[in-house]
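Student: I'd like to learn how to read the two sides of a helix. Can you walk me through a case?

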Amino acid sequence: MCAGNRGIILARSKSFASLLIAFSMAAALCPAVLADDAANADPKPEGDTPSAATATPCDSDKTNKKAKKESSKKDSTLVTPETIPVSTVPDEVGIVLTTVAETHDAVAWKQKTMPARPKIGLALGGGGARGAAHVAVIRALEKEGIKFDYIAGTSIGAVVGGLYDAGVSLDDLEDEFENGQLMKNFMTVSLAVRIAVSPVMLVPRLLGSKEYDGLYRGNKFRKYLIKGLSCHERNIEDLKIPFAAVSLNLLDGNPYMIRKGNLGFAMQASSAVPGLRKPVEIGSKLFCDGGVICNLPVKQVREMGADFVIAVNVDQPFNVEKPQAFHKVGSVTQRMITWDLFEMDQPQSDLADITIHPDTTNISLISTKKSDARKGIEAGEKAAKEMMPLLREKLKKFGMATASN
């Protein structure tokens with residue numbers, strides 16, 4: 001085969017694999033798709049729509065006062081989503097255009113002079129239930145005395161990073177993975193049930209409803225995520241560490257960083273799996289899962305201001321396989337997806353000063369099993385331990401001390 005033809009075939013193969021990224025997310029989640037929560041969704045109160053641009057004050061209504069009175073022994077701001085208006089979603093000012101990482105970006109960024117006190121950024125990649133590994137890595141970094149100046153996350157990385165930034169403890173996050181609640185809230189009803197009721201769910205369309213494509217809205221997941229957070233913790237601009245959730249705008253095909261507004265909506269948008277969850281409308285943009293274009297947001301956390309970046313990649317490693325591995329139905333498609341994610345993640349990983357890559361092989365994206373959560377936690381602990389000597393050495397080079405040096 002001549003070189004020209006080989007190049008054409010490889011190019012077409014790459015394009016085909018790219019198209020499979022979105023489909024892979026849907027296919028992986030098919031065994032346990034989230035219910036379309038239309039039946040349980042709130043009747044669209046004003047604070048729950050994406051059109052407003054200013055946050056609702058925490059203490060502005062009577063329900064808040066009642067909540068305070070009933071929980072006098074607790075922090076008066078710790079209320080459930082039902083007792084206060086949900087803060088509005090980010091406006092256009094807080095949505096920042098970004099770009100995918102290219103090979104040459106690593107050279108350009110690493111030629112920059114490191115300041116006297118470099119700012120540390122944490123980049124958390126997408127990967128569904130494999131995100132349990134994020135918890136273990138963050139815990140290891142905390143024990144080392146490393147403090148983050150910026151956090152950027154995509155999909156499950158945005159969920160873990162956002163909740164951690166909002167003050168949710170790592171022990172609680174680990175529990176949510178281990179008891180399966182996080183993933184169960186992400187997928188509460190089987191595909192069989194969803195298909196059975198799909199004719200009923202199509203009735204509004206026949207009557208003129210113009211909802212966006214997708215099997216469910218994701219409102220339940222958002223409310224589950226923000227339950228227990230105070231009003232102030234629900235706004236990205238009020239978090240203790242500058243945070244960005246990376247998402248893809250379906251309208252122009254560009255990735256954006258959501259850096260202001262309601263944390264719940266930002267996490268919902270960043271993890272809106274194409275084809276399964278309806279995209280999230282924020283301002284003039286329509287967002288879906290950022291993992292289809294920017295799965296490991298290293299460039300994004302650098303754009304936020306980080307000088308030194310620690311990346312955590314929870315994608316399944318792309319390893320050499322034997323021929324018999326591809327006898328199983330769907331194995332070739334899965335291989336193409338794994339390869340395409342590797343191709344997407346590599347330029348971002350090259351931009352990082354340290355990439356911690358737990359071995360999440362055979363952990364399903366939508367697993368609710370405690371054994372898979374434990375496997376992810378243990379993989380994160382192992383990967384962090386292996387990379388810690390190099391991390392200490394690099395930080396020491398730039399005058400940043402850790403608990404061990």
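Student: Let's start with helix H3, then. Which residues of H3 are buried?

Tutor: Keep in mind that this is a predicted model. In H3, which spans residues 103-110, the buried ones are Asp105, Ala106 and Trp109.

Student: Why do those three end up on the same side of H3?

Tutor: The general idea goes like this: an α-helix has 3.6 residues a turn, so residues three or four places apart point the same way. Here, the buried residues cover an arc of only 105° around the axis, which puts them on the same side of H3.

Student: And which exposed residues does the face turned away from that buried side carry?

Tutor: That face of H3 has Thr103 and His104, both exposed.

Student: What do the buried residues of H3 pack against?

Tutor: Two helices: H12, residues 298-304, and H13, residues 331-351.

Student: Let's zoom in on H12, where Lys299 sits. Is Lys299 buried or exposed?

Tutor: Check the cut-off: buried means under 20% relative accessible area. Lys299 has 8% relative accessibility, so this lysine counts as buried.

Student: Which residues does Lys299 touch?

Tutor: Leaving aside residues up to four places away in sequence, Lys299 touches Thr99, Val100, Ala101, Asp105, Trp109, Gln348 and Leu351. You've met Asp105 and Trp109 already, among the buried residues of H3.

Student: Now for the cysteines. How many disulfides does the structure hold?

Tutor: The count is 0. As for accessibility, Cys288 is buried, at 5% relative accessible area, and Cys294 counts as buried too, at 1%.

Terms used:
Residues numbered from 1 in each chain as written. Predicted model: local features only at pLDDT ≥ 70, side-chain atom pairs only at ≥ 80, totals over all residues. Heavy atoms only, no water. Buried < 20%, exposed > 50% of the residue type's maximum accessible area, 1.4 Å probe, protein only. Helix = DSSP H or I, 4+ residues; strand = E, 2+ residues; numbered from the N terminus. Arc of directions from axis to C-beta. Contact = heavy atoms within 4.5 Å. Disulfide = S-S within 2.5 Å.
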